[in-house]
Amino acid sequence: MSDNSQDRSGVDSPGTEQELLAELNLLRVRAARQRGKARLSLQDLTAATGVPKSSLANYLTGRTAMPLDVLDRLLLALGVAPIDAGAWATRWERLTGERLGGPTADSGLSGDGTTEVRDDEPAHGPEATAPRTPDRPGPSLPVPAQLPPASTAFTGRQDALACLDELLAEADVKPGAPVIAVVTGAAGVGKTTLATHWAQRVRDHFPDGQLHVNLRGFDASKDPVPPAEAVRGFLDAFDVPRHRVPTGTDAQINLFRSLLTGRRMLLLLDNARDADQVRPLLPGSSGCMALVTSRSQLPGLIAVEGARPIALELLATEESTALLVGRLGARRVAAEPTAVDEVVRHCAGLPLALAIVAARAATRPRFPLATIAAELRDAPRHLDPLAGAEPSIDVRAVLSWSYAQVGTPAARLFRLLGLAPGPDIGITAVASLAGAAVPEVRPLLAELVDAHLVTEHKPGRFTCHDLLRAYAGELAEADPEPDRRAATRRVLDHYLHSAHAAERPLQPPRGPIALADPTPGAAPERFDDRAAALVWFAAEHRVLVAAVEHAADTGHDGHAWQLAAACVSFFDLRGHWHDWTGTQEIALGAARRLGDRAAEAHAHRFLGGAATRLGRFVDARAHQSRALELFGELGDQLNQAFTHRSLGWIAERSGQHATALRHDLRALELFRRAGHRSGEARTLNSVGWCHAQLGDHRQAIADCERALVLLDEQGDRDGVAMTLDSLGYVHRLLGEHARAAELYRRAQEIFVALGDRPGEAEAGANLGDTLREAGDPERAAAAWRHALAILDDVDDPKAERVRASLDELVCAELDPDGPRTGRRRRQSG
């Protein structure tokens, strides 16, 4: 074939049949080189064309006349552009006609009268007689530009964009296999918007064109696009004539990949259902990039094809606000910041929800955004204001498409998750909710995670955003009411019995509470030690607060007050005073609805303990006095003893040390009557503290040392730490600063080991006071700063005293004769 364009078309110079076969075999060699192979075997050509291997061998040797449609398939499989394939067909028709005969007399016969083409060697004709063919077969193909338009209001997603940019850069410097990126995320999270925005931004990197197909993997009204249909559409984009498209799907796929070979193209495969739908559409060589979006995580594509996953999360508050600015304008958004904040909260960071609300606001430009926010707030159902005129802009409809893809057992579990309290849920609680074993729910959760209906945000802990949770709750309403109530009871039993088991090693400041047996199907947690209990409480903290409220809202008042009681020790250790107060207020209401005087007494006492922590002594005394009255009426001496200790704590915090001593001595008597050794030991510490406040230092030391002996016997490390703190205070009053500092450090070490942050802070503050008095201001300041960080974090009123001490030190205005204001932490009430 000569170098001039007229010879390349071949219309005026068809040549001989032998020359055409030689050129065809030369194309086969060069196509193999472009694919990085030594050869293209007959099996490769069979896969690309759908023509049997034996037939191809006969055609390429000239034994049998090659039909025109086979020639078309073979040329396209070898990368010949459609326009040049047409020129080849013209030459073939002029030379042989539609029906070719056998080999001609000048066809270059082998010993048996044929041109030999072996499957185990590169096929080629004599190089000397073959005209030249360009390295890249034929002229450029058509340049498709199928990308959808990008959104003008796109915002945020900088991390995801950076990941895609990084992949593109890697493709430039590391040629090899094609680059495949998979953008995954929940329905409505903006996968298509992101992919389209990035694709439009980088389209110049793909000069040979950009292909796009909506695979409709999660469309409720239409079936998913079969891979064969998508491939056929891509062949149309390359202007491949219909009569030259192979009939078999595999042959069409191979033809499509052949057309991509040696070219730099971007394929946007949007809304894929699964890996099997995507695989046939992937390019087979370097230079191309496939960008896939899906609600499924497509793990098979990641594992086998090496696709890189990019998971889209919900928008942050700032990004959500920026999206509204992009759609409504900065002036309108800035004019109503409170309403905007409410809209953003209601939309839960879901871009689709924000876009729907923004569209409603944009079509009503004279309506204040506060009106839109009120519509969202006051809707009978959370998703009602997020409906749209079309399914694609209706949050409920879009979520339903994902729900429709999961199996019946997973769908049931998703509905049950709509009944669960709290922002997330652990796998054992999921099992209790479903009334199943953990191994049974694990694959169902994996199915929901893959469909992005739930997220495993920490190992073994699952969550979904507020709109998905509301959707699950709506779906659950259609289930039989007895089934819903049974599931709610199981999950509340799980939290109640687990919390009481976790509270036990924390030594709750109350008498035992009798619990009913857990409902069949509920599987509470078990804990080996205090550390495991604290880990569980920390993980479930927000859930437990929500569970108390949920129990009261669903008519499970017994669960409400008992669960609130079980959380007191943890709230005290971690300084969650406001959660302590809020849950006990719910508990008090539940107790009164039940007419349960013992429950009411516990709620009053725990409310008094929280009020004491917050420095609200009048409220604290009122609650504790009412609790003492109720426990007295019930004849409950043990809880009377705890309540006297709480009243003594209030009196001590109020500076009424003689009153505090009377309450502590009465508590000591009641604990001894009840045979409660731990209560007796801790109360001895309180008695010693009161003696110290009243100036009887030697008696204080004697009481506290007796307490230490009893506490060691009980293995009560928390009580030991509090008593060491008390002894440190007494030795400090006696001017024995070295001994006092040693005792405070020992106390602080135990509090740290126990995870008792308020105790750690108070011992540290007292250590700072001691070091200041001992003439070591630098170490005193360090101790105070550490204590202040904790006290500020837990909102403890004592933070102001420590801050004042630090300020005095900084201003060099220390008063060595100032009051000794150290405080010893007391057991909560």
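This report looks at two residues with unusual backbone angles and at the cysteines of a predicted model.

A word on the ground rules. Local features need pLDDT of at least 70 and side-chain atom pairs count only at pLDDT 80 or more, while totals for chains, interfaces and linings use all residues. Residues are numbered from 1 along each chain as its sequence is written, and side-chain values use heavy atoms, with hydrogens and water left out.

**Backbone oddities**

Most residues other than glycine have a negative phi. Asn 271 goes the other way, with a positive phi of about 65°, and Leu 298 has a positive phi too, about 50°. Asn 271 sits in strand E3, residues 266-272. Leu 298 is found in the loop that runs between strand E4 (289-294) and helix H12 (299-304). Helices (H or I, at least four residues) and strands (E, at least two) are DSSP runs, numbered from the N terminus.

**Burial**

Buried here means under 20% relative accessible area, with a 1.4 Å probe and protein chains only. These residues count as buried:

| Residue | Relative accessibility |
|---|---|
| Asn 271 | 17% |
| Leu 298 | 2% |
| Cys 288 | 2% |
| Cys 690 | 0% |

**Cysteines**

How many disulfides does a search of the whole structure find? Zero, as it turns out, where a disulfide is a pair of cysteine sulfur atoms within 2.5 Å. Cys 690 is in no disulfide, and the nearest cysteine sulfur, that of Cys 704, is 9.9 Å away.

How values were computed. Buried < 20%, exposed > 50% of the residue type's maximum accessible area, 1.4 Å probe, protein only.
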